[in-house]
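Hi,

Here's the structure I promised to pass on to you. Have a look at it first, and then read my notes below.

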Amino acid sequence: MITAYATEKPFDHLELYRSFLERETDATGTVVLHHGRVKRPGKQVPDFSTVELKPLTADVDERLAIIARQAEEKFKLNQVLTVHRLGIIGACDSVLLAIVSGKTRDRCFQACAWIVDEVKKEEFIQLIEHP
């Protein structure tokens with residue numbers, strides 16, 4: 001199962017994780033989660049006031065879904081959830097949640113890292129730090 005979307009609203013990572021687990025079956029041996037948060041110092045502006053996550057394309061949800069589907073196929077996953085914030089957010093706010101499940105931990109760790117790396121390429125969501 002693939003769930004992937006972007007949102008301007010804050011997301012509850014614990015509730016999303018709980019819902020993810022409710023959809024699991026006994027075919028899953030491992031669940032791996034990446035919870036990305038905005039950290040200081042910034043990459044361009046060390047002491048930024050806010051961060052803007054700006055969509056560069058109109059199909060951000062589809063782009064996230066493509067990455068999730070590719071991960072599902074490449075790493076033979078049972079389930080993938082990817083949620084990315086958009087808009088203006090502050091330090092310590094949640095920016096990216098990626099959760100994967102599968103039979104083995106090696107596949108799941110690799111898949112979660114791969115998803116994060118693909119999203120962080122900033123090909124369809126740009127991160128702008130404001131002074």
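Below is what I found, starting with the backbone and then moving to the interior.

Keep in mind that this is a predicted model. Start with the loop between strand S2 (30-37) and strand S3 (50-55), where you'll find Pro41. The peptide bond leading into Pro41 from Arg40 is cis, and its omega is near -5 degrees.

Next, look at two residues that have a positive phi without being glycines. One is Lys76, with a phi of about 55 degrees. Lys76 sits in the loop between helix H2 (60-75) and strand S4 (77-85). Is Lys76 buried or exposed? Its relative accessible area is 54%, so Lys76 counts as exposed, the cut-off being over 50%.

The other is Cys92, whose phi is about 75 degrees. You'll spot Cys92 in the loop between strand S5 (87-89) and strand S6 (94-102). With a relative accessible area of 47%, Cys92 is partly exposed.

Now for the inside. The largest nonpolar core has 32 residues, and the ones touching the most other members are Leu64, Leu77, Val100 and Ile115. Strand S1 (2-7), S3, H2, S4, S6 and helix H3 (105-119) each give this core at least two residues. Try clicking on Ile115: if you skip its neighbours within four places in sequence, Ile115 is in contact with Ile67, Ala71, Val80, Thr82, Ala98 and Val100. There's also a second, separate core made of seven residues, among them Phe11, Val83, Leu97 and Ile99.

Happy exploring!

Notes. Residues are numbered from 1 along each chain as its sequence is written. This is a predicted model: local features need pLDDT of at least 70, side-chain atom pairs count only at pLDDT 80 or more; totals for chains, interfaces and linings use all residues. Side-chain values use heavy atoms; hydrogens and water are left out. Helices (H or I, at least four residues) and strands (E, at least two) are DSSP runs, numbered from the N terminus. Buried means under 20% relative accessible area, exposed over 50%, partly exposed in between (1.4 Å probe, protein chains only). A nonpolar core is a set of buried Ala, Val, Leu, Ile, Met, Phe, Trp, Tyr and Cys residues joined through side-chain atoms within 4.5 Å. Contact means heavy atoms within 4.5 Å.
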